[in-house]
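Let's take a walk through the enclosed spaces inside this protein and see what surrounds them. Keep the structure open as you read.

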Amino acid sequence: MKKVFVLIAAAIVCMSANAQVQFGAKVGVDATHFWGKDTEHGMKIGYQFGALMEYKFNPHFAIAPEVVFASQGGKFNIYEADNKKVDNTFTTNYINVPLMFKWYATPNFSLDLGPQVGFNVYSKYKVGDLDAEDIKDITKGVDFGVGLGGTYNLTENAFVQARYTMGLTDAFKGELTEAKNGNIQLAFGMKF
């Protein structure tokens with residue numbers, strides 16, 4: 001039994017010796033929307049910023065948890081009596097925590113896939129030029145999704161990233177609507 005523990009400990013030490021851990025930060029622009037049965041909408045431009053860690057097991061595989069603030073939501077037009085278009089904008093901001101599994105196809109490019117949980121911190125609805133109305137009481141506090149994208153390392157420390165995150169749970173409570181979050185993300189970041 002001691003030999004088994006010694007072998008496991010040796011394997012962990014070897015993995016740790018070959019592993020590379022980097023921390024970093026990123027900032028980016030998002031094109032967000034709602035998708036699902038009850039949606040007729042358009043894209044809303046948002047933003048994101050946050051921190052990340054990348055733990056590289058070997059030259060081909062890594063895991064990268066992140067903590068990111070993202071301004072999400074969606075936009076659609078309604079028509080007033082005089083046939084004038086009015087923008088209706090939903091802003092649902094989240095603290096998102098994706099856990100990306102990375103496969104390095106080349107030393108500089110990885111394909112990224114993984115789950116994400118988002119915590120709603122701010123929800124507003126705005127019609128045209130009117131003041132925004134707080135709708136946090138009708139939006140869900142937690143959002144689950146999955147992300148797919150890629151990361152290209154420009155240098156050892158700088159990278160660009162593109163990802164689509166598809167929400168898997170309704171963004172709104174009850175029978176109000178069946179609308180899920182969708183988020184196209186483009187980001188630039190630095191690893192330290």
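Sorted by class, the residues around the second largest cavity are 3 nonpolar, 5 polar and 4 charged. Bear in mind that this is a predicted model. The space inside that second largest cavity comes to about 50 Å³. Who's on the wall? The charged part is Lys26, Asp30, Glu66 and Arg163, and the polar part is Gln48, Asn96, Gln116, Asn183 and Gln185. Val68, Ala70 and Pro98 make up the nonpolar part. Two or more lining residues come from each of β1 (20–35), β3, β4 and β9 (180–191), and β3 is the top contributor to this second lining, with 3 residues.

Now hop over to the other one. With the cut-off at 30 Å³ or more, the model has 2 cavities, and the largest holds about 60 Å³ of space. Its lining splits into 4 nonpolar, 2 polar and 6 charged residues. On the nonpolar side you'll find Leu52, Ala64, Met100 and Phe159, while Thr151 and Gln161 are the polar pair. The charged set is Glu54, Glu66, Lys102, Asp112, Arg163 and Lys191.

Which strands build this wall? At least two residues apiece come from β2 (44–56), β3 (61–79), β4 (85–104) and β8 (158–170), with β8 giving the largest share, 3 residues.

If you want a spot to pause, try Glu66 and Arg163: both line the largest cavity, and both also turn up in the lining of the second largest.

Technical notes:
Residues are numbered from 1 along each chain as its sequence is written. This is a predicted model: local features need pLDDT of at least 70, side-chain atom pairs count only at pLDDT 80 or more; totals for chains, interfaces and linings use all residues. Side-chain values use heavy atoms; hydrogens and water are left out. On a 1 Å grid over the protein atoms alone, a cavity is a set of points where a 1.4 Å probe fits but cannot get out, and a pocket is an open set with protein on both sides within 12 Å along at least five of seven lines; lining residues have an atom within 4 Å of a point. Grid points are joined across faces, edges and corners, and a volume is the space filled by probe spheres set on the points. Helices (H or I, at least four residues) and strands (E, at least two) are DSSP runs, numbered from the N terminus.
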